[in-house]
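This report covers aromatic rings, the charges placed over them, and nonpolar packing. The sequence and structure follow.

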Amino acid sequence: MNISIKSADNENPEKFELTWIGKQACIDAAKKETDKILIEDKKSSIEWNRTQNIFIEGDNIDGLKLLSKKFAGKIKMIYIDPPYNTGQDFVYQDKMKHSDWCSMMYPRLKIAEKLLSPDGVIFISIDDNELFNLKLICDEVFGEENFVNCIAVKMSEPTGVKMSHQMKRFPKLKEYILFYKKDNFEGFNCIDKYRITEWDRENNIYLENMTKDIRQKLIDFKAKKTLTNEDITYINDLIKNIKKIPLKTKLKELKLPEDKKEDWLFENSYRIIKTAGAKSLFNIVQKFKLPNQEIAAGLSKDKVLFFYITDFNKKTADPRIRVIFADENIYKNPCDFWHDIKTSGSVALEGGIKYKNGKKPLKLLMRMIKMTTSKEDIILDFFAGSGSTAHAVMLQNATDNQNRKFILIQNQESFDKNILNVKDETKSDISDIIKILDDIKRPHTINELSKERLKRSGKEVLEVNKNTDTGFRVYRIADKNEVPNDN
């Protein structure tokens, strides 16, 4: 396997290209039509006659080819978490060489690209081992110009076994998500802001008599494009009874338990402030006749609403005069480092199926779904695993009353032949999974785990919103001459 610089003709500039033995065979494999068919499995399905969700059992390259007959250009979002080239994944236990891994991924991504709608997107989780190779493959398949971001996701804390290697290499705390778009993608439907995890101690002034209603009116005024002097008079009248007291004093008065203080601070952020120096505002305020109140409003030279304290230190050249509300700063826009997402702890229990090394967090998936899809968009995951993507689609639909649909593809790989080779901490999880599958009298395969997880999570989602589609139609990939069972 190597990286070469290739130029097809004089009109096209030279570009980097990833090549490996067997690449041409991959290209041919992607073009070759499958000789497989889909067989309905109504017995394993949930709400067959009502649902629009699909669960396909079998090899995902055949599944993708079969989907392309009906869904080419119709998938709004693809998310996949393919097997990493580490030798540790319980399904793909044999350690793959890089060229073998590329040969596995390339044809699947080629078909996936045809499935995406003109404004569609794809997110691919990956770790350090294959990030570079995957980036080159995706540049070729989706177009280098359609690369959007390489998102780093914090996956763990600097503790445990990983710290035993810290004298030889920096501990690994992150994974990546490669984000590509199709040509007509115009941007996010919304920005899924996240709450900071630690309170900013500079927010240390409590506003007595501030209510949610008053705060909302202040927010509404700030959102207006133009304000008049009459508006400022109204706002100052609205906040004339607001009194400043030290936040420490308020907390002492409330006598909150230590473990409840942080939650209280975030819940009351609309009436907690900090002050900051602002020379330009100071110059404006000096010309005012200060009102007889502790917090006041004014208009900047650009007619922008600002708030200030009236008892500022007039002896300093740059007094802390500007009022900054805490609720304006506790939510942040995500950047390309998602450090607020936990991939450990309670994630192992999501969906009622314990497997800490086999899941991506619902919060991670819901963020991507919320920001790039809506209404009746279709989301595809062709490395479905335990079904986290489908769970996230259902839960996001329940949250924002949309009707997105999911399509999952997952093979029938057995847990039994791998349980002896996995790590001890994972072995107990697999034993628990096998017991669950025994209890429901199903084979010990990952597709059966996924379906059971969707049944359990579907019940949870219906408690959030009873109108959510939590069903799924099951299809099995089979040979053309196979006779379907009577379902």
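In this predicted model, Arg-195 lies over the face of Phe-266, 3.8 Å from the ring centre. A second arginine, Arg-473, has its charged end over the ring of Trp-48, at 4.9 Å from the centre of that ring. The table sets out these two placements.

| Charged residue | Ring | Distance to ring centre |
|---|---|---|
| Arg-195 | Phe-266 | 3.8 Å |
| Arg-473 | Trp-48 | 4.9 Å |

Rings also pair with one another. The count of aromatic pairs comes to 17. One of them joins Phe-142 and Tyr-180, with 5.7 Å centre to centre and 35° between the planes. The pair counts as tilted, because planes under 30 degrees apart would be stacked and those over 60 edge-to-face. Phe-142 belongs to helix α4 (residues 128-143) and Tyr-180 to strand β8 (residues 174-181), so the pair links distant parts of the chain, 38 residues apart. Both Phe-142 and Tyr-180 are buried. Elsewhere among the aromatic residues, Phe-123, Phe-179, Phe-185 and Phe-188 form one cluster.

The largest nonpolar core holds 49 residues. Those that touch the most other members are Ile-78, Leu-109, Leu-134, Leu-380, Phe-382 and Ile-407. Helix α3 (residues 98-115) supplies the largest share of this core, nine residues.

What does Leu-134 touch, not counting residues up to four places away in sequence? Its contacts are Trp-101, Met-105, Leu-109, Ile-124, Ile-126 and Leu-178. One of these, Leu-109, is itself listed with Leu-134 among the core residues that touch the most other members.

Methods. Residues numbered from 1 in each chain as written. Predicted model: local features only at pLDDT ≥ 70, side-chain atom pairs only at ≥ 80, totals over all residues. Heavy atoms only, no water. Phe/Tyr/Trp six-rings, centres within 6.5 Å; stacked < 30°, edge-to-face > 60°. Helix = DSSP H or I, 4+ residues; strand = E, 2+ residues; numbered from the N terminus. Buried < 20%, exposed > 50% of the residue type's maximum accessible area, 1.4 Å probe, protein only. Lys NZ or Arg CZ within 6 Å of the ring centre and 35° of its normal. Core = buried A, V, L, I, M, F, W, Y, C linked by side-chain atoms within 4.5 Å. Contact = heavy atoms within 4.5 Å.
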